[in-house]
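Trainee: Could we go through this structure together? I would like to begin with the chains and then turn to individual elements.

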Amino acid sequence: MGDSHSRRRGILVVFTLAVLAGACGTELPPAPQVRADLRDGVTPAESLAILSQGDTTTASPSAAPTSTQATETCTIAWSAPDTVTGCSVPVPTVNPTVPWLQHSGKAVDPGEIEYRGPISIRFGVPVKGLTLTSTGALSCTGTFGTLIGYRHDSVVASADNVLTDPADCGSDSVTFGVTGQFPPDRVIDSLVIGGVNPWTFPVGNLTGRALLKYTLTYEPQSAGSTSVVIQSVQTANNGSFTTLATEDTITLTAVTMPASLADSVRWSVTDFTGDQVPSIPPDSASLGRGATIRWEVPKQDSVRWHAFKHPGSLDQKSLAYLIVASVTDATGATVHSKPDTVKQDEIDTMREEYVELRVTFLPVPARSDFSAEPHCDAPCLNTGDYGQAIVKPTFSGKLQSLRTHWENPGKQWQRNSLYRNPVHQIIHLTEEIGKQQSRTSRHMFGCAADLQTFPAGLSKSTATATDSLHAKDFWKGLKMVADSAHYFWVEPMKMSGIGHVHVQTATGCS
Amino acid sequence: MRQKMLYAVGLVGALLPLSALPHIAEAQFTPHQVDSLVALLDSPVWQVRSDALAALTSVPHAQLPPGYGPKVIALMNQEALHPIEDSTVDGEAIGDYEINLVSQALAFHDPSALPGFARLGIQMARDVKDFVAEQGSASLPYLDDAWTNLPDGRSDIMTTWGLMVGQYATQITASERTRLLGRLLQAAESEKIGFISAALIAPLPAALPVVHAIATMADSGDVAAALAAEAMAPLTAHRDSLSPTQLHADLSDWLQAICLNAAGAKATACDSLTTLLAAGPSNGGTLEKFETTADFAFQDSTFTPFEHALLAANADSLLHTVLTSVPAWALGVAYAVGDSASYNGLYYQCRQAHTSQVGWEPPNVYALWARVAAGDTWAPQVLYAVGDTVLYEAVRYTAIQAHQSQPGWEPPNVPALWAPVQ
């Protein structure tokens, strides 16, 4: 046995003349993307209970799942990427995908890829009885890698790998592989394999590199019982959505065990009660059944936007839904998935304002129209409610050019505001000023700006005639220069007052 | 409470039909929806008209019904003549509506929109001013109406006039051009920015002295003074590119404008100036008298400061151009009557044909040469005509006999030639 391993090792240990060095960072498994909810007979309180429990939860103790199948042992191996054998669970998500389940201190063989970083495996279902083996070559002197197991993103198990056959080390101090395992009943849902040390090492007068090709075996924790896991929640905007007809479809996919229950998956989509937004859910009767369903986010009640003042928080604005998948097995036991959630991000929350407040005179801004810009009190660019704003390059460039033409001794420049989100423009300013504000303002599209006139802050009771005259001249002068750009449209003084010059585009907004 | 909220977001009452329309990002409007929107332009509620119009701005022209253009133009004319008065809304809300209205109307390039453009549109965009100016004579009554009714829009009206007398001069008659130049100058005092804008946009290089005056006036304010100062460089460059003939024609135009409908002393001064200017662009003597006459008419308050600045400074500028081209007196030259020559920094005009020789230098032979461009102050060897005015020891005199001045004939010494001006 030892001889045969030595022969394989002799082939796999490759010599290089270079002195090799490297350092790699560590990487935790990605955080889950979603949370969950209920309808279909599940109350909000129950849904929170589901959230705090495992991935597979029975609706009541009397409906506990029963074992219906023999224990399965699953295997994933370096030699068969994207494949799981021996069981019917989903193929785990392995990162990196190339190389698949391999560590290499240096690419030497044809097709070999140097990779020294952590290997992350997300199983998709809870598993137990994990065992790792490897073939290849490594130094007998050093460390032999680690296994770290996670459950709900918390570390629940860890182990240092050991040499598969220490006796194989011999005089060259090189051997063929490592093994590692967790306690048989330790349930995990993801795993990180840490690398060995050293990655390169002397072999006689030459330099060898570590090469570890892994095979993992494990048992699905729920093997033999019924389970359902939400595998993906897909939206138009890579995790976000709006109620715009082209962006309101959300696709849900679940994996069941046994697979034969896939067509019977029932779905619950309800308002996520962990925030302050009353998101109107879809009609439960319309959701349909099956491992994959699509549903449309219903039109919302725009009155909700009056519930908060400037600037408010996303917790008050972003639509969010709790999603739960359920199946009932042959025994009549109903099993729920771990709840998942889908929630609008900041940009789609802003875009939702355009849809719900029917700011329709220009297309709803694309996500790419927004860029990070802290909101603030005037004078500044973004006087809206969010940390994002629309700054259109053409308008912005023309405004900068106007500033360049204007800003000379005797002529001050101050831009009071440029971008305002619809709720701030239509609701907040109306309440603040006490007059209904424009619903067709191009401030909402980043194509309008208010430019301060000087002397500033004139009041009818205290302004001298000379001050008023000079402020009017300032207004007319700035407007004259804006006119000369052949680009801006200016609101007449009667509308804007002499306190500022309002410039904007008239057609389009770019 | 809920109703109040609905009002705040603009979905109340008559606006509800709009909520049935798709978002632009979702779908194109159907022909039926477009027709519905166009029909909403007849709504008695201006916010409904505003929302409908805003939605229609996204519809390609080819998809708009045939009657849309006339309808929008009629609506704009109506809104311009009967401005929306609504104290419950912010002015910018009305402004947004009216900008949409004007920009939509402008797209049809229809002169029937002139009433609305003159009252409203020219205050909003340079493109509207160009369209109105391009319509030339047809626009003038509407601009006159706007001038009377919209004091806040006068600087825009002046800018439009500037375009008319400059870039679109072929679209108006000569007499209309004269009238517009006169009105620009008349309004310069109260609408400094408007005058600067018109002078730049035309451009009007002869307006340079007025712009200079605005730049240096104590009550101009920072912005007017700064803009005037900045306008001087391009106007100077433009003036310097003109020939004496062009400068003379320009000055003649402005003189006509200033003298339009003049009466009394102003008419008298205008007659004198017109006669002097008729001598042509290269007659240094008459140009100098033109300048002197303008100076004295200003001192008499016959001309306003801006009228005087424009006439005197441009005459001086033209005179300078003429004089700098005068050749130096030289020996052996056959001089004809009217020829000019400079000698020791002074300028002379030949009175008798002769060939120059030593001893006949201009200051030595009054019979051969008369001095020109001597300024307001009495000087010897000048040919004075009846009515010419000079200053001598701070007293103004008028010539009562034509003569050539010489030492000893200073005005107080020769009552037969000069009479003090009372």
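Trainee: How many residues does each chain give to the contact between chain B and chain A?

Mentor: This is a predicted model. In the model, chain B contributes 49 residues to the contact and chain A contributes 51 residues.

Trainee: Which elements of chain B give two or more residues to the side that touches chain A?

Mentor: They are α1 (2-8), α2 (16-19), α4 (46-56), α6 (91-106), α8 (126-134), α12 (192-201) and α14 of chain B. The most comes from α6(B), with 10 residues.

Trainee: And by class, how do the residues on that side of chain B divide?

Mentor: On the side of chain B that touches chain A, 22 residues are nonpolar, 16 are polar and 11 are charged.

Trainee: Let us take α8(B) from that list. Which of its residues are buried?

Mentor: The buried residues in α8(B) are Arg126(B), Val128(B), Lys129(B), Phe131(B), Val132(B) and Ala133(B).

Trainee: What covers the buried residues of α8(B)?

Mentor: The cover includes elements from both chains: α6 (465-484) of chain A, and α6, α7 (114-119) and α10 (154-165) of chain B. Just after α8(B) comes Gly136(B), with a positive phi of about 55°.

Trainee: α14 was also on the list. How do α13 and α14 of chain B pack?

Mentor: Helix α13 (residues 208-216) of chain B packs against helix α14 (residues 221-240) of chain B at an angle of about 155°, and their axes are 8 Å apart. Because of that angle, α13(B) is roughly antiparallel to α14(B). The crossing of α13(B) past α14(B) is left-handed.

Trainee: Which residues meet there?

Mentor: From α13(B) come Leu208(B), Val211(B), His212(B), Ile214(B) and Ala215(B). In α14(B), they meet Ala224(B), Ala225(B), Ala228(B), Ala229(B), Ala231(B), Met232(B), Leu235(B), Thr236(B) and Arg239(B). By class, this contact has 11 nonpolar, 2 polar and 1 charged residues.

Trainee: Changing topic, what domains does the assignment give for chain B?

Mentor: It gives domain 1 (246-323) and domain 2 (334-420). The C-alpha centres of these two domains of chain B are 21 Å apart.

Trainee: How many residues of each are in contact?

Mentor: In chain B, 9 residues of domain 1 are in contact with 9 residues of domain 2. On the domain 1 side, α17 (284-299) and α18 (305-323) of chain B each supply at least two residues. The most is given by α17(B), with 7 residues. By class, that side of domain 1 of chain B has 3 nonpolar, 3 polar and 3 charged residues.

Trainee: And what is the division of chain A?

Mentor: Chain A has domain 1 (2-30 + 71-220), domain 2 (227-352) and domain 3 (358-504). The C-alpha centres of domain 1 and domain 2 of chain A are separated by 38 Å. Their contact takes 6 residues from domain 1 of chain A and 7 residues from domain 2 of chain A. The domain 1 side of that contact has 4 nonpolar, 2 polar and no charged residues.

Trainee: One last residue: where does Cys350(B) lie, and is it buried or exposed?

Mentor: Cys350(B) lies in strand β3 (residues 346-350) of chain B. Cys350(B) is buried because 20 other C-beta atoms are within 10 Å.

Trainee: What is Cys350(B) in contact with, beyond its neighbours within four places in sequence?

Mentor: Its contacts are Tyr335(B), Ala336(B), Val337(B), Gly338(B), Asp339(B), Leu368(B) and Trp369(B). Of these, Ala336(B) is 14 residues apart from Cys350(B) along the chain, with 6.6 Å between their C-alpha atoms.

Conventions: Residues numbered from 1 in each chain as written. Chains lettered and ligands numbered in written order. Predicted model: local features only at pLDDT ≥ 70, side-chain atom pairs only at ≥ 80, totals over all residues. Axes fitted to C-alpha atoms, helices over the stretch in contact; angles between N-to-C directions. Helix = DSSP H or I, 4+ residues; strand = E, 2+ residues; numbered from the N terminus. Parallel < 35°, antiparallel > 145°, perpendicular 65-115°, else oblique. Left-handed = near helix turned anticlockwise from the far one by under 90°. Contact = placed C-beta atoms within 7 Å. Nonpolar A, V, L, I, M, F, W, Y, C, P; charged D, E, K, R; others polar. Domains from an automatic or database assignment. Buried ≥ 20, exposed ≤ 12 C-beta atoms within 10 Å, placed from the backbone.
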